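This briefing sets out what can be read from the coordinates of one protein chain. The points are grouped by topic for quick reference.

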Amino acid sequence: MSTDENNKSQKARAVPGSSADKRSTKIRITEDAEAAGEVAAAYDFWRAGSGRQQVPGIIKCFGARPDFLRQVVEFSNKVHFSEGHLARRHKEMIASYVSFLNRCPY
């Protein structure tokens, strides 16, 4: 097995949160406890719209750009979480299944 194949194999087996997983992370995640200023305000903006308190990782990955995070939240609310051709619950089921297929912990 070549070195590249071995590295790909190791990344595929990385357990979320393990040291192998952290090495492959390219995006700096801003946790709630360390969020300040515009990042904290953007997290609060998400909380106000979602009614939830714990900010999910998929939202935290935009913490480096709080201005963009707000735009993502507004767009997502319009596209994913509004009623339309599909009910919100169907969109949530599709999103959950796609996340499962992609081995996404969110």
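Does Arg 47 count as buried or exposed? Arg 47 counts as buried, because its relative accessibility is 16% and the cut-off for burial is under 20%. The model is predicted, and its chain has six helices and zero strands. The points below begin with the chain as a whole and then turn to helix H3, the nonpolar core and the salt bridges.

**Overall architecture**

- Along the sequence, the helices follow one another in the pattern α-α-α-α-α-α.
- The chain has 106 residues, of which 19% are buried.
- About 8,200 Å² of the chain is exposed, and carbon and sulfur atoms supply 55% of that area.
- Of the contacts between residues at least 6 apart in sequence, 38% join residues at least 24 apart.

**Helix H3**

- H3 comprises 14 residues and spans 20 Å from its first C-alpha to its last, which is close to the 20 Å expected at 1.5 Å a residue.
- The buried residues in H3 include Val 39, Ala 42, Tyr 43, Trp 46 and Arg 47.
- These residues lie on the same side of H3, because they cover an arc of only 145° around the axis.
- Gly 37, Glu 38, Ala 48 and Gly 49 are exposed residues on the face of H3 turned away from its buried side.
- Helix H4 (57-60) and H5 are among the elements that cover the buried residues of H3.
- Gly 51 follows H3 and has a positive phi, near 80°.

**Nonpolar core**

- In soluble globular proteins, nonpolar side chains tend to be buried together.
- The largest nonpolar core of this chain has nine residues, namely Ala 35, Val 39, Ala 42, Tyr 43, Trp 46, Val 55, Ile 59, Leu 69 and Val 73.
- Helix H3 (37-50) and helix H5 (66-79) each contribute at least two residues to this core, and H3 gives the largest share, with four residues.
- Leaving aside residues up to four places away in sequence, Ala 42 touches Pro 66, Leu 69 and Arg 70.

**Salt bridges**

- The chain contains six salt bridges.
- One of them pairs the side chains of Arg 47 and Asp 32, with an N to O distance of 3.3 Å.
- This pair links distant parts of the chain, since Arg 47 belongs to helix H3 whereas Asp 32 lies in the loop between helix H2 (19-23) and H3, 15 residues apart.
- Asp 32 has a relative accessibility of 28% and therefore counts as partly exposed, whereas its partner Arg 47 counts as buried at 16%.
- Arg 65 forms a salt bridge with Asp 67, and their closest N and O atoms are 2.9 Å apart.
- In this pair, Arg 65 is partly exposed at 46% relative accessibility, and Asp 67 is partly exposed at 39%.
- A further salt bridge joins the side chains of Glu 92 and Arg 88, at 3.4 Å from N to O.
- Glu 92 and Arg 88 are separated by about one helical turn, because they are four residues apart in helix H6 (residues 88-101).
- Glu 92 is partly exposed at 32% relative accessibility, and Arg 88 is partly exposed with a relative accessible area of 37%.
- Through salt bridges that share partners, Asp 32, Asp 44 and Arg 47 are joined into one network.

Notes. Residues numbered from 1 in each chain as written. Predicted model: local features only at pLDDT ≥ 70, side-chain atom pairs only at ≥ 80, totals over all residues. Heavy atoms only, no water. Core = buried A, V, L, I, M, F, W, Y, C linked by side-chain atoms within 4.5 Å. Buried < 20%, exposed > 50% of the residue type's maximum accessible area, 1.4 Å probe, protein only. Contact = heavy atoms within 4.5 Å. Areas by Shrake-Rupley, 256 points an atom, 1.4 Å probe, with all protein chains shown as cover. Salt bridge = Lys/Arg side-chain N within 4 Å of Asp/Glu carboxyl O. Expected span 1.5 Å × (residues − 1). Arc of directions from axis to C-beta.
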